[in-house]
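Reader: Hello! Could you take a close look with me at a single chain, part by part, and give the cut-offs behind each term as you go?

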Protein chains: 2
Amino acid sequence: MRTIKLKLAYDGTHYHGWQRQENGPTIQEHVERVVSLICNSHITVHGAGRTDAGVHAHGMTAHFKTSKGISCSKLQKGLNSLLPDAIRVISLADESPDFHARYSALSKTYYYAFFTGSIQPPHERLYRAHCPGRISADAIRSCLRIISGTHDFSSFEAAGSRDKKRADGRGAIRTIFSAELHQPNAGYLDLTFTGNGFLRHMVRNLSGTIIEVGQAKKSVLDFEQILRSKDRKQAGPTAPPHGLTLLSVNYD
Amino acid sequence: MRTIKLKLAYDGTHYHGWQRQENGPTIQEHVERVVSLICNSHITVHGAGRTDAGVHAHGMTAHFKTSKGISCSKLQKGLNSLLPDAIRVISLADESPDFHARYSALSKTYYYAFFTGSIQPPHERLYRAHCPGRISADAIRSCLRIISGTHDFSSFEAAGSRDKKRADGRGAIRTIFSAELHQPNAGYLDLTFTGNGFLRHMVRNLSGTIIEVGQAKKSVLDFEQILRSKDRKQAGPTAPPHGLTLLSVNYD
């Protein structure tokens, strides 16, 4: 039995997120359908995690098992020829049998993209949240320093998620290895987060709250207190899904 | 009576081009609707030219007449608040009464964007034609030199257009002031054309033929003969609309 690792990029605009569900088309469903078709058997594709409806990926990672003796290059070409253009297999390789897209992952990197100019270029509107106005880069950097390291991120977890038991027993405690601000051009503001895991809506809740600090609607001190409060009601709004991209899932 | 000049950017993906028509939604129709709404009268908006269904614009220019005494800044904000996100008024200003978006234009600049790598990033698929494989930049530059200057571009005019009388009497003769190749990154290939006018499908037919020369499916000599033949049947395919963007309309 082979274990195949896939790296996927997708435009999440028209999908109901990664995970298979009955409400509408998902990335997992599309990928499973074409993998099963090419491998001639019903195959489950395991992702490194979920992405919400409308969230994009440059480097989602997944794996599946098959006994099909097809070269990786042919498999990749076959999958890309059957998948919609909005979903691409960026790379594909055999892995050791104990590789698991989710459990073998050491960290994930997300970025949240804002456009802060007054008029957003139409061709970027699906990939960048529009948040016009003056922003203090210093205030944002202060927030990013505050969340770096290991914290209880309950304040930034999706409402309702706290009641659910978490299988891994680590509660809402996560470690952010790096949190950075990039401003490639005037009006462009990207927040990049690398961590050992992210709670549901955590990156969007962090981004929605941090941008409010950048806009001086909240102070850096407020932000620090929000994190410490472990109370979702204290934090700012959930930034919209289309500004979020899963950049990479990082392995050993 | 005021003459208002508009600069518009749009994502043409879901529109049937610039010009008002009955088959489906167009950019002109949307802009006229909101201009008429804000100015409280039925207003015709004149564009600098047409763009085909699926073609984008960073700088389409248009004008309209109104006696409404509203500031340009308020008018622009009002239009942008009513227009779909895919259509933005980039700038808006009063012009002299004899300004006409089409007749006052000295030149237009279009660019045609190709992606030549094997796997196209999903978030660029709506704005860049996928044309995988090795491309000779030198061959492309030779074609661009050949078309620069004043020529009869009948070979690159949409089939069927030749029968139509042209009001301005210049037939298929156009002047290309500049034609350039840009390769910002590996796999990215942009052709930029500035000219005093472009026949129907001319940029797409030029781009579809030039890329075939780049791929060595045709020689530079073939290309020169195609231009001289004044015969549309000699040229290559019409490149798809989504790779084309009207970059600017240039005035005095």
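Author: Happy to! A word on domains comes first: their bounds are taken from an automatic or database domain assignment. With that, chain A splits into domain 1 (2-95) and domain 2 (107-250). Please keep in mind that this is a predicted model, in which local features need pLDDT of at least 70 and side-chain atom pairs count only at pLDDT 80 or more, while totals for chains, interfaces and linings use all residues. Residue numbers start from 1 along each chain as its sequence is written, and chains are lettered from A and ligands numbered from 1 in the order in which they are written.

Between the C-alpha centres of domain 1 and domain 2 of chain A there are 27 Å. Their contact draws on 14 residues from domain 1 of chain A and 11 residues from domain 2 of chain A; two residues are in contact if their C-beta atoms, placed from the backbone, lie within 7 Å. On the side of domain 1 of chain A that touches domain 2 of chain A, the residues are 5 nonpolar, 8 polar and 1 charged. In this scheme Ala, Val, Leu, Ile, Met, Phe, Trp, Tyr, Cys and Pro are nonpolar, Asp, Glu, Lys and Arg are charged, and the others, with Gly among them, are polar.

Next come the strands. Helices (H or I, at least four residues) and strands (E, at least two) are DSSP runs numbered from the N terminus, and two strands pair if DSSP finds at least two bridges between them. In chain A, strand S1 (residues 2-10) and strand S3 (residues 56-66) are antiparallel partners over 8 bridges, and Arg2(A) has Thr66(A) as its bridge partner in S3(A). Strand S2 (residues 46-47) of chain A also pairs with S3(A) in the antiparallel sense, over 2 bridges; here His46(A) is matched with His63(A). S3(A) and strand S10 (residues 244-250) of chain A run parallel and are joined by 2 bridges, with His56(A) opposite Thr245(A) in S10(A). As background, side chains in a regular strand alternate between the two faces of the sheet.

Let us move on to helix H1 (27-39) of chain A, which a loop containing Asn40(A) connects to S2 of chain A. Val34(A) is part of helix H1, and Val34(A) is buried, with 20 other C-beta atoms within 10 Å. The cut-offs are these: with C-beta atoms placed from the backbone, a residue is buried if 20 or more other C-beta atoms lie within 10 Å of its own, exposed if 12 or fewer, and partly exposed in between. Beyond its neighbours within four places in sequence, Val34(A) is in contact with Leu79(A), Leu82(A) and Leu83(A). Val34(A) and Leu82(A) are 48 residues apart along the chain, yet their C-alpha atoms are separated by 6.4 Å. Ile38(A) lies in helix H1 as well, and counts as partly exposed, with 18 C-beta neighbours inside 10 Å. Leaving out residues up to four places away in sequence, Ile38(A) touches Leu75(A), Gly78(A) and Leu79(A). From Ile38(A) to Leu82(A) the distance is 9.3 Å, C-alpha to C-alpha, for 44 residues in sequence. In the loop, Asn40(A) has a positive phi of about 60° although it is not a glycine, and Asn40(A) is exposed, with 10 other C-beta atoms within 10 Å.

Helix H5 (residues 220-229) of chain A has Phe223(A), Ile226(A) and Leu227(A) as its buried residues. Because these span an arc of only 95° around the axis, they sit on the same side of H5(A); the arc is that of the directions from the helix axis to the C-beta atoms. An α-helix has 3.6 residues a turn, so residues three or four places apart point the same way. The buried residues of H5(A) pack against helix H3 (137-147), strand S7 (149-152) and helix H4 (202-214) of chain A. After H5(A) comes Lys230(A), with a positive phi near 55°. Lys230(A) is not a glycine either; it belongs to the loop between H5 and S10 of chain A and counts as partly exposed, with 17 C-beta neighbours inside 10 Å.

Finally, chain A has a partner: the contact takes 17 residues from chain B and 17 residues from chain A.
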